[in-house]
Amino acid sequence: MTEIDRPTAGAPSRTAPLLAVDDVSVAFGGVRAVDHLSFDVAPGSIVGLIGPNGAGKSTALKVIGGEVKPTSGRVRFDGADLVGAAPYEAARRGLVRTFQLGGEFARLTVMENLLVAVPGQKGETLLGALAGRRWWRASQDAEVRKARDILGGLQLRDKEDAYAGDLSGGQRKLVEIARALMARPKMLLLDEPMAGVNRSLARRIEETLARLRSDGIALLLVEHELGSVERLCERVVVMANGSKIAEGDMTEVRSRDDVLSAYLGRRK
Amino acid sequence: MNQVLSSLGFGIVTASILLPAAIGFTLQFSATNVLNIGFGSQMTLAAFIGYVCTSHGVGLWYALLLAGVFGGVTSLLLNRFLLTPFMRRGTTFFGMIVITIALSLVLEYTIEAIWGPQSVFYPLSTGGTVHLGSMSFTGEQLVIIGIGVALALATHALLRYTRTGKAMRAVAGNAPLARASGVPAQRIVDLAWMLSGFMGGAAGVMLGISLSSVSFTMGDTLLVEIIAAAVLGGVGQVYGAMLGSVVIGVLLEESAIVLSGAYAPISAFAVLIIVLLIRPTGLFAGTAKAKGVAA
Amino acid sequence: MSYYFTVMAMYILIGIIAAWGLNLQFGETGVLNFAYVLFVAAGAYTTAVLTLGHPSASGTQQYFWGAHLPFPIPWIVSMAVGAVLGVAVGLVSLRRLRGDYQAMVMLVVSLIATYLVSANVGFLNGETGLALIPQPFGNLHLSELNYRWFFVAVTAVVTLLVFEVMRRITGSPLGRVLRAVRENEAAAVALGTNVVKMRLLTMAVGGAVAALSGAIEVQFIGAWAPAGWTYPETFGLFAAVLVGGRGNLGGVALGAFLVQGLFLEGTVLLPSIGNPDLVGAVQWITMGVMIMLFMWFRPRGVLPERRRRFTTEARTRLPLLLVRAQRDARG
């Protein structure tokens, strides 16, 4: 593994958090999938959200992304309330999520997948489209060049014209990350970006994520691959049975008995 | 008041016909997650088979039974040899509904090609009527009510008290999980489609008896009412479908007092729209949410 | 014979226009508008009442309101009605429901609308429908046949205009967003797309195009009744889109040509078999079977959606052939 600059964990940053999850609960017909969950993510930081299967991580991620409305509690992003807003608002404010599986636009090419994400493009309105190519061509060209840069960085440049549905699982995850970057995010919500991905691609994804951090993009990472979490995240939140059971840096969390019994102890 | 009560009588008859139809529609959906638009046409086809039976001297109620069996078998075959292969190929929900509509077209116009566009008539006895307060029923209507209620109760008993019924509920809840825990899912799905076809076929003949005639477009109006009942009850919920049938059946006939007769079917539509706007998951929300039909 | 060709040409052009509108909704955005023919009917009825004049002037037929407006105002108003109706139907059926459920609700809307118009004689003359609808371009004083060919020419120009609008929409960033909605709603939302707005937009534009096709049709044939817009008509258009190739404007036009051809030629070839109802029935059965066969053997149609490649400004200045050659060389 190449050296990844892992910042030392310290006291949570004193600046206002970018994302604030505040006492969020989600109940599905009597079952509490998420139970009074609270944590913050500071601008430009990487936080891991870990826990055993069924701990409620994915549900928590869906609440933050706006896909699921919580039964109670608040989610604030960049000063705005997300719970009351339409699901697509999160992305427009700079909070973009990726999917564990099947997040690609299968019958769109890789380039098209990336271009869809560009917010407020010229030619994306009915009038803009009717105005014709001349109206939006230049701005699209700029985005195409940017997309090629991003794809180049992920060594996907030659896949530009392939349908996203024809790529391997790992390549699709890279496309999703590339696509999220086109959306000009302040923060990414990543749902198991390394799951089911071969080692060399997983490493590429990990390097990419580390680079994003240095670009000032905050990350919330749900991941089972604890090695990656440890290398990337300055702070982890541990969930079990819907609640947060621990929070801190990985070494600190690892040493706690309740975490071990709830999660780490049961793995390998 | 009298008018309300006598309409209630008709309402009960209509509800008794909708009961097996909506249960059948719901059973299919919960077993395979396919919205079968062809269901109305399948019912109509069975009703015509019932007509063929009666015109060959078969008694009315035996004809109903035969039409039910015919409905069950065709339903099973359609699912096995038309819908399942498409699903195995990975045809999407969108694709499947296009297929079932195409199926509906084929069935409906095959009926027209064979029996023509005019209505055909069931031979009904001209027996007396039974009075219950200001409601009056013909003998046939009473039998229809009896059959409708009996089919609903039988469904309840099957789902609640038999192993097969439990397996059906398991498959409806989560087919891969049920399969993994040893439920013979394919057989259960076959059974569900056969039962639903039987229910639909019986309901088709019941409607034919109630109207005394059947025509090839009968399935279209019926489908609207079935869908309204199913959506009102909560998509995929058998008990919801039962409740929905009763509400829609009674409403259809009662609204005929307020609206002029020709507009009565619109009340079913109005209910459908209101439910969709206010509570798209229906009264029993479980399945609709679980299957991602409505949030 | 020439007379027959004008009818043929008209039906094919009208079919192509209608199929393009449906393609925008179904082929591009993935909205299964099973009430599509309702929008064709809305356009036809709108143009009918806007040309027939005041109801009292027409002794034999009843309708709720009328005016006597010159071409092209009725067509334009028809498009507006189609667009508004599209948004209204979309608002009811496109909310919070899974795609196939939305489709089912639209089918119900279509069934009920036919029912309502048939039952209510005072509204649009019920089941009998409206007839004697005035034709445009009367002041040109053309001979019967020349008039028909002139009408065909006007329709051809409209068809080209619709093509250009469709081409601009589908080729633009907007078209890309619509296809993203079709491919993966959740992902589109996660990228900030207001999916409901996009679907309503296609309901409005598609509705307007459908209404335009109805408006042209009603003025060409001069009559319009509920029997002409029952729900299977929608599937004739779906068949055209599916057979031709959803998402490919040329393919959809080809599909409309084939399907309309089947309907017109079918009636010519089949009448010896039996009663007129049988011919119609056999056509619909063929349509149903054809849809199923295509869904099985060629789900993307005869001419599938094209793969869209991107060239930036500098490279487009090269002759197109050269760009293609380069691309082929790269494999």
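User: Is Arg148(C) buried or exposed?
Analyst: The classes are set by relative accessible area: under 20% is buried, over 50% is exposed and the range in between is partly exposed (1.4 Å probe, protein chains only). Arg148(C) has a relative accessibility of 12%, so the class is buried.

User: What kind of model do these values come from?
Analyst: Residues are numbered from 1 along each chain as its sequence is written, chains are lettered from A and ligands numbered from 1 in the order in which they are written, and side-chain values use heavy atoms, with hydrogens and water left out. Local features need pLDDT of at least 70, side-chain atom pairs count only at pLDDT 80 or more, and totals for chains, interfaces and linings use all residues, the source being a predicted model.

User: Which residue meets Arg148(C) in a salt bridge?
Analyst: A salt bridge requires a side-chain nitrogen of Lys or Arg within 4 Å of a carboxyl oxygen of Asp or Glu. The partner lies four residues from Arg148(C), about one turn of the helix, and both are in helix 6 (residues 144–171) of chain C. This partner counts as exposed because its relative accessibility is 53%. The N to O distance is 3.1 Å, and the residue is Glu144(C).

User: How far apart in space are Phe150(C) and Ala88(C)?
Analyst: Phe150(C) also belongs to helix 6 of chain C, and it counts as partly exposed at 30% relative accessibility. Ala88(C) is 62 residues away in sequence, and the C-alpha to C-alpha distance is 35 Å.

User: Which residue forms a salt bridge with Arg97(A)?
Analyst: Helices (H or I, at least four residues) and strands (E, at least two) are DSSP runs, numbered from the N terminus. Arg97(A) lies in strand 6 of chain A and its partner in strand 7 (residues 187–191), so the pair ties together parts that are 94 residues apart in sequence. Both residues are buried. The closest N and O atoms are 3.9 Å apart, and the partner is Asp191(A).

User: Which residue is linked with Arg97(A) and Asp191(A) in a network of salt bridges?
Analyst: Over all chains, the structure holds 25 salt bridges. The network that includes Arg97(A) and Asp191(A) also takes in Glu67(A).

User: At what N to O distance do Glu104(A) and Arg172(A) meet?
Analyst: Glu104(A) is in the loop between strand 6 and helix 3 (110–116) of chain A and Arg172(A) is in helix 6 (residues 169–182), so this pair ties together parts 68 residues apart in sequence. Glu104(A) is buried, with a relative accessible area of 10%, whereas Arg172(A) counts as partly exposed at 27%. Their side chains form a salt bridge at 3.0 Å.

User: What is the strand order of the six-stranded open sheet in chain A?
Analyst: Two strands pair if DSSP finds at least two bridges between them. The pairing in this sheet is mixed, and the order is 6-7-8-3-9-10. The edge strands, each pairing on one side only, are strand 6 (95–97) and strand 10 (243–248). Axes are lines fitted to C-alpha atoms (for helices over the stretch in contact), with angles from 0 to 180 degrees between N-to-C directions; neighbouring strands are turned by 15° on average, direction ignored, in the sheet of order 6-7-8-3-9-10.

User: Which residue is the bridge partner of Met239(A) in strand 10 of chain A?
Analyst: Strand 9 (residues 235–240) and strand 10 of chain A pair in the antiparallel sense over five bridges. Opposite Met239(A) in strand 10 stands Lys244(A).

User: Which residue stands opposite Val26(A) in strand 2 of chain A?
Analyst: Strand 1 (residues 19–28) runs antiparallel to strand 4 (residues 72–77) of chain A, joined by five bridges. Seven bridges join strand 1 to strand 2 (residues 31–41) of chain A, again antiparallel. In strand 2, the residue opposite Val26(A) is Val34(A).

User: Which residue in the turn between strand 4 and strand 5 of chain A has a positive phi?
Analyst: Strand 4 and strand 5 (residues 80–81) of chain A pair in the antiparallel sense over two bridges, with Asp81(A) as the bridge partner of Arg76(A). They form a hairpin with two residues between them, and the phi of about 50° belongs to Asp78(A).

User: To which backbone oxygen does the side chain of Thr84(B) reach?
Analyst: Thr84(B) lies in helix 3 of chain B and counts as buried at 12% relative accessibility. A distance of 2.5 Å separates its side chain from the backbone oxygen of Asn79(B).

Key. Polar contact = N/O pair within 3.5 Å; in protein donor to acceptor, adjacent residues only side chain to side chain.
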